[in-house]
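Reader: I have a model open and would like to go through it slowly. Could you take my questions one at a time?

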Amino acid sequence: MSCYLSLIMAIIFWSSSFIATKIAYSSFSPLLVCMFRFVISAVFMSVIGLLGNKKRPSGKDLKYIVITAIIGLTAYYAIENIGLSMTTAASASLIGAAYPVMTVIVGVVFYRMRISKKSMFGILVAIAGVYILTARSTEVMEGAWRGDLLLVMDGFLWGFYNLIA
């Protein structure tokens, strides 16, 4: 039962992050919000690191840790915060729902991964669904297409991060 509760809590926190971030923009800039997230995470991860396993990563692993930290954390969250500041939370959530599809696209194009016809059909349905839901949004924000574009580019960056990590 606790694993289900953990999953439910993760979904609640993740799904509310765009709304909470938009609220934070009323007092702080997008990059400052990003920095706050990193500082809070660093404190928690430092405590976990101090209490947990003392084994250090190897030199080979360190290279991938640095690459994924730059792509999947620093660049991804900076672009996400800037993009989110330029669009609606609803659009950002819907675009974020397509990130798994973007990861598959990155895998096929850059890593020569193979996907089945059934998977390709699922990808097309997901893309069409995100488009339909995003295009019909009643919440309008002038110039939101710029933020949407940044978030789509960010999705492909997230795809690279997932495949490298």
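Reader: How many residues does helix α7 have, and what does it reach from its first C-alpha to its last?
Author: This is a predicted model, in which local features need pLDDT of at least 70 and side-chain atom pairs count only at pLDDT 80 or more, while totals for chains, interfaces and linings use all residues. Residues are numbered from 1 along each chain as its sequence is written, and side-chain values use heavy atoms, leaving out hydrogens and water. Helices are DSSP runs of H or I with at least four residues, numbered from the N terminus. Helix α7, residues 144–164, is close to the 30 Å expected at 1.5 Å a residue (1.5 Å times one less than its number of residues), for it has 21 residues and reaches 30 Å.

Reader: Which helices do the buried residues of α7 pack against?
Author: Buried means under 20% relative accessible area, exposed over 50% and partly exposed in between, with a 1.4 Å probe and protein chains only. The buried residues of α7 include Leu 151, Asp 154 and Tyr 161. The buried residues cover an arc of only 160° around the axis (taken from the directions from the helix axis to the C-beta atoms), which puts them on the same side of α7. With contact meaning heavy atoms within 4.5 Å, they pack against α3 (59–85), α4 (89–97) and α5 (99–111).

Reader: Which side chains meet in a salt bridge?
Author: A salt bridge is a side-chain nitrogen of Lys or Arg within 4 Å of a carboxyl oxygen of Asp or Glu, and a search of the whole structure finds one. At 3.4 Å, N to O, the side chains that meet are those of Glu 80 and Arg 37.

How values were computed: Helices (H or I, at least four residues) and strands (E, at least two) are DSSP runs, numbered from the N terminus.
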